Amino acid sequence: MMTSQIILTVYALLLFIGAYMGFKAGSKVSLIMGIVSGCLTLVGVYWLGVAMQSGYLFLTILNGLLTGVFVMRVVKTKKMMPA
């Protein structure tokens, strides 16, 4: 397993942990989106082993979308974490 695959697997686990923490705080949307994001990241990690360039492209697009959603929420609410 490449170093990038290990790092991205840890990232996926952090997404799953974030989903649990959001659900624990009462957000079903956080649970669903965290699980979906974590699973898609794991798909990308698998894809790295099959077709590296396509896997990196998929993960770059996925993480760009996640970053965009997060930045929009921060700009809108002016808070890193919702109340």
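These legends go with a few views of a predicted model.

**View 1. The whole chain, an all-in-a-row α-α-α pattern.** Here's the overall layout: three helices and zero strands. Along its principal axes, the C-alpha trace spans about 40 × 25 × 20 Å. Of the contacts with a separation of 6 or more, 44% come from residues 24 or more positions apart.

**View 2. The surface and what sits beneath it.** The chain exposes about 6100 Å², and carbon and sulfur atoms supply 77% of that. As for the inside, buried residues make up 20% of the 83 residues.

**View 3. Helix H2 alongside helix H3.** Two packed helices are described by the angle between their axes and the distance between the axes. H2 covers residues 28–50 and H3 covers residues 52–77. Their axes come within 6 Å and cross at roughly 160 degrees. Angles over 145 degrees count as roughly antiparallel, so that crossing makes H2 roughly antiparallel to H3. As for handedness, H2 passes H3 in a left-handed crossing.

**View 4. Zooming in on the residues where H2 and H3 meet.** On the H2 side, look for Ser37, Leu40, Thr41, Val43, Gly44, Val45, Trp47, Leu48 and Val50. Facing them from H3 are Met52, Ser54, Gly55, Tyr56, Phe58, Leu59, Leu62 and Leu66. Sorted by type, the residues of this contact come out as twelve nonpolar, five polar and no charged. Trp47 in H2, along with Tyr56 and Phe58 in H3, is among the nonpolar ones. Gly44 in H2 and Gly55 in H3 are among those counted as polar.

Notes:
Residues numbered from 1 in each chain as written. Predicted model: local features only at pLDDT ≥ 70, side-chain atom pairs only at ≥ 80, totals over all residues. Heavy atoms only, no water. Axes fitted to C-alpha atoms, helices over the stretch in contact; angles between N-to-C directions. Helix = DSSP H or I, 4+ residues; strand = E, 2+ residues; numbered from the N terminus. Parallel < 35°, antiparallel > 145°, perpendicular 65-115°, else oblique. Left-handed = near helix turned anticlockwise from the far one by under 90°. Contact = heavy atoms within 4.5 Å. Buried < 20%, exposed > 50% of the residue type's maximum accessible area, 1.4 Å probe, protein only. Areas by Shrake-Rupley, 256 points an atom, 1.4 Å probe, with all protein chains shown as cover.
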